[in-house]
Amino acid sequence: MRLRVFTEPQQGASYETLLRVAKAAEDLDFDAFYRSDHYLAMGDTDGLPGPTDAWITLAGLARETSRIRLGTLMSAATFRLPGPLAIQVAQVDAMSGGRIELGLGSGWFEQEHTAYGIPFPKEKFGRLEEQLEIVTGLWSTPYGERFSYDGTYYTLTDSPALPKPAQSRVPVLIGGQGKVRTPALAARFADEFNIPFASAEDAEQQFGRVRAAAEKAGRPAEDIAFSAALVVCVGKDDAETARRAAAIGRDVAELKEHGLAGSPAEVVDKIGRYGHAGASRIYLQVLDLDDLDHLQLISERVRTQLP
């Protein structure tokens, strides 16, 4: 089981804060540092100092870390055109020495689109599907050949399909809880399927749908890694857990029910349930980015106890 640090910078984080967290995650032997791709804070927070762009952030971290993998959970297809996105990800992958992973979703938060003048189309899933076809198609086109695409939403003509990523294949993450179209899309494009903020029982059912869709498409289900994203709040004792829950404005009982919360032993036990459901990676949604002691506790008392 691999543990990955997952941040929500739109809630309020500068690049310097994200750099501290990413370096701490690397030093503490976490597998990856991920961030969301949002431009507007959610809930009762001012989001100061304001949003940071996901791929600009990852470009900076690519040069200031050396081992940890870096990615988005999830970039929004509504934010970027597929050709420039393929260029951005390939360039950042080269800057990192081949440590980038692309999580790509359809986009859903209409208010952040209207706040920053980003079109919010009615038909988003079809655009996501075409973006995946284009991005992966550009990367896989051999040197010296050209890539063209004529879709409903995007058209590319005679593209040189450059630059190429450092990796022979940038891992693509697809996620969600849709029961039909999402598993079918994952079967076609996903190297990893992620389910966010779901119970172990619901995760197991969704993983089963993705496996069935892969087999129907003629693809071995074992080609796809499975993961879950969950909020994390761990304390050495009840008082420390309560203090950390209060710092992020959450209730301990609610966190224990819907996330990974409590003592290290409790969290290890619950992660085990997701492992039994089929997950091999857990994205720990860390909401207090100033509490690096929290990461150290998780690394020393949770990570080391996992198979």
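How much space lies in the largest cavity? The answer is about 60 Å³. The views below come from a predicted model.

**View 1. The largest cavity and its lining.** The count comes to 1 cavity of 30 Å³ or more. About 60 Å³ of space lies in the largest cavity. Val-232 and Cys-233 belong to its lining, as do Arg-244 and Ile-248. The lining also takes in Val-286, Leu-287 and Asp-288. Asp-291 and His-294 complete the set. By class, these residues divide into 5 nonpolar, 1 polar and 3 charged.

**View 2. The centre of the largest pocket.** This pocket holds about 1,000 Å³ of space. Its lining counts 44 residues. Which of them are the closest to its centre? They are Phe-6, Glu-8, His-38, Trp-108 and Phe-197.

**View 3. Elements around the largest pocket.** Several strands each give two or more residues to the lining of the largest pocket. They are E4 (75–76), E5 (100–105), E8 (172–175), E9 (192–196) and E12 (281–286). Two helices do so as well: H5 (125–140) and H6 (181–189). The lining of the largest pocket has 21 nonpolar residues, 17 polar and 6 charged.

**View 4. The second largest pocket.** About 170 Å³ of space lies here. Thr-136, Gly-137, Trp-139 and Ser-140 are part of the lining. So are Ser-168, Arg-169, Val-170 and Val-172. Arg-188 and Phe-189 line this pocket too. Which helix gives the most to the lining of the second largest pocket? H5 does, with 4 residues. Both H5 and H6 supply at least two residues each. The lining of this pocket divides into 4 nonpolar, 4 polar and 2 charged residues.

**View 5. Thr-7 and its contacts.** Thr-7 is found in strand E1, which covers residues 2–7. Is Thr-7 buried or exposed? Thr-7 counts as buried because its relative accessibility is 0%, and buried means under 20%. Neighbours within four places in sequence are left aside in the contacts listed here. Thr-7 is in contact with Leu-18 and Val-21. Phe-33, Tyr-34, Arg-35 and Ser-36 also contact Thr-7. Val-286 and Leu-289 are further contacts of Thr-7. Val-286 also appears in View 1, as a residue that lines the largest cavity.

Note on methods:
Residues numbered from 1 in each chain as written. Predicted model: local features only at pLDDT ≥ 70, side-chain atom pairs only at ≥ 80, totals over all residues. Heavy atoms only, no water. 1 Å grid on protein atoms, 1.4 Å probe; cavity = no way out; pocket = protein on both sides within 12 Å on 5 of 7 lines; lining within 4 Å. Points joined across faces, edges and corners; volume = space filled by probe spheres on them. Nonpolar A, V, L, I, M, F, W, Y, C, P; charged D, E, K, R; others polar. Buried < 20%, exposed > 50% of the residue type's maximum accessible area, 1.4 Å probe, protein only. Contact = heavy atoms within 4.5 Å.
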